[in-house]
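User: Hi! I have this model open and would like a close look at a single part of it, with whatever else helps me place that part. Could you walk me through it in plain language?

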Amino acid sequence: VTSRKRVLIRPKAGILDPQGQTVERALPALGFEGVSEVRVGRLVELTVEDESQLPEMCERLLTNPLIEDYEIE
Amino acid sequence: VTRFGVVRFPGSCDDVDALLAARRYGDGELLWHGDRDLKGVDAVVIPGGFSYGDYLRVGAIARFSPVMEAVAEFAADGGPVLGICNGFQVLCEAHLLPGALLPNTSLRFIARQVDIVVANAASPFTRAAAEGERLSIPVKHTTGRYYHPDPDGSVGDIAGVSNEAGNVLGLMPHPEHAVDPLTGSSDGGKLFESMALAQAPA
C-alpha cells in the first residue's frame, strides 16, 4: 500500500528570503497592490510505502533543518 | 612530499585547477566520489562546482557520497580538509562545519577579486602566511551567504569558517584560481603551501 504525500519546505522564519522579496517587489509592477510577507519555498511530492519514515527523510535529506521548516501533507 | 587528494563529484568544475594548484606544492591526485578510498593522501581538497547539479540544495546530495564517508573519518582523525565554495557547502551539509550557506542577498552570481585578511596564521591552512596579511583571491558564487543560528544569523565579512579542532576549513574564495601571477595574483598558493608545510616532518 502506498500513499501520495506532499512535503512543503519553506525558509525558516527570520531567515532573509531574497526570492520572496524579489517577488514582492515585482508584483506592484504588474498592478497587484497590497501584497506583503512573500516567502518562496519548495514542494516535494512523493509516493511512499511507509509514511512514518517521512519526518526522518525531511530531517536528513529533503530539508536542512538549520534553515528550513517543513510540513507534511 | 605532501599528497593532496582532490575530490571529483559529477558537476565539480574546479577540480582540475585545485589539482594543478596542489601539484605546485606537493603531489596531487583525484578522488572519485563513488570510491570510499582516500588512497592514503595527507590532505583533502573538496573543490568548487555544482556537485550533483546542486539538486535539492547545494551540497545536499554530495554529502551522502561514499567519498564523503571517508572524508568524515579522515577529518575526525585530524586530517586537514579544505572545502572551497561548493566544497564549503558540502562540508556544511555533512556537518563537518557548522552553519549553512544561503543564496546571495542580491540573488546574483558574484564574480570578483577580493582581499581576504589572514586572521590566524597558526592554522594548517595559513601557516605560510603572516597574521594580518591580505591575500587577493577571486570569489564566484551564487550561494555564499554564510548563516549560523548562533549568535545572530547571517555573519558578515567573513571568507571562511573552520571547525573547532581547526583541521577543517571552508572558504568561499577560490585560492586554486590564484596560484600564478599570470592570473593577477598568486596569493592563493599560500593556502596550498601551508597545507604542504603542515604535513612536512618537523
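What follows is my request and one connected answer. Please take Y52(B): where does Y52(B) lie in chain B, and which residues is Y52(B) in contact with, leaving aside its neighbours within four places in sequence?

Analyst: Happy to help! Please keep in mind that this is a predicted model, and that local features are described for pLDDT of at least 70.

Let's start with the position. Y52(B) sits in the loop that runs between β3 (43-46) and α2 (66-76) of chain B. Its relative accessible area is 21%, so Y52(B) is partly exposed; the cut-off for buried is under 20%. The backbone also deserves a look here: phi of Y52(B) is positive, near 50 degrees, in a residue other than glycine.

Now for the surroundings. Leaving aside neighbours within four places in sequence, Y52(B) is in contact with F9(B), P10(B), H33(B), I61(B), A62(B) and S65(B). Take F9(B) from that list: F9(B) and Y52(B) are 43 residues apart in sequence, while their C-alpha atoms are 6.9 Å apart in space. H33(B) brings a polar contact, made between the side chain of Y52(B) and the side chain of H33(B) at 2.7 Å.

Chain B offers another positive phi to set beside this one. K39(B) has a phi near 55 degrees and is likewise a residue other than glycine. Its place is the loop between β2 (27-32) and β3 of chain B. With a relative accessible area of 37%, K39(B) is partly exposed. A further positive phi, near 65 degrees, belongs to H95(B), which follows α3(B).

That leads us to the helix itself. Helix α3 (residues 86-93) of chain B has eight of its eight residues buried, so it is largely enclosed by the rest of the structure. The buried residues of α3(B) include F88(B), V90(B) and L91(B), and also N86(B), Q89(B) and E93(B).

For a helix pair in chain B, turn to α1 (residues 15-25) and α4 (residues 189-199). These helices of chain B pack at an angle of about 55 degrees, with their axes 9 Å apart. α1(B) and α4(B) are therefore oblique to each other, and α1(B) passes α4(B) in a right-handed crossing. On the α1(B) side, A18(B), A21(B), A22(B) and Y25(B) meet G189(B), F192(B), E193(B) and A196(B) of α4(B). The residues of this contact divide into six nonpolar, one polar and one charged.

Finally, a look at chain A for context. T63(A) lies in the loop between α2 (54-62) and β3 (68-72) of chain A. T63(A) counts as buried because its relative accessibility is 1%. A polar atom of the T63(A) side chain lies 2.8 Å from the backbone oxygen of C58(A). Not counting residues up to four places away in sequence, T63(A) touches I9(A), C58(A), E68(A) and Y70(A), along with R57(B) from chain B.

E33(A) is found in another loop of chain A, between α1 (18-26) and β2 (42-48). E33(A) is exposed, with a relative accessible area of 60%. From E33(A) to V48(A) the C-alpha separation is 41 Å, with their positions 15 residues apart in sequence.

To come back to your residue: Y52(B) is a partly exposed loop residue with a positive phi and a side-chain polar contact to H33(B).

Conventions
Residues are numbered from 1 along each chain as its sequence is written. Chains are lettered from A and ligands numbered from 1 in the order in which they are written. This is a predicted model: local features need pLDDT of at least 70, side-chain atom pairs count only at pLDDT 80 or more; totals for chains, interfaces and linings use all residues. Side-chain values use heavy atoms; hydrogens and water are left out. Axes are lines fitted to C-alpha atoms, for helices over the stretch in contact, and angles run from 0 to 180 degrees between N-to-C directions. Helices (H or I, at least four residues) and strands (E, at least two) are DSSP runs, numbered from the N terminus. Angles under 35 degrees count as roughly parallel, over 145 as roughly antiparallel, 65 to 115 as roughly perpendicular and the rest as oblique. A crossing is left-handed if the near helix is turned anticlockwise from the far one by less than a right angle, and right-handed if clockwise. Contact means heavy atoms within 4.5 Å. Ala, Val, Leu, Ile, Met, Phe, Trp, Tyr, Cys and Pro count as nonpolar, Asp, Glu, Lys and Arg as charged, and the others, Gly among them, as polar. Buried means under 20% relative accessible area, exposed over 50%, partly exposed in between (1.4 Å probe, protein chains only). A polar contact is a pair of N or O atoms within 3.5 Å; within protein, one must be able to donate a hydrogen and the other to accept it, and residues adjacent in sequence count only if both atoms are side-chain atoms.
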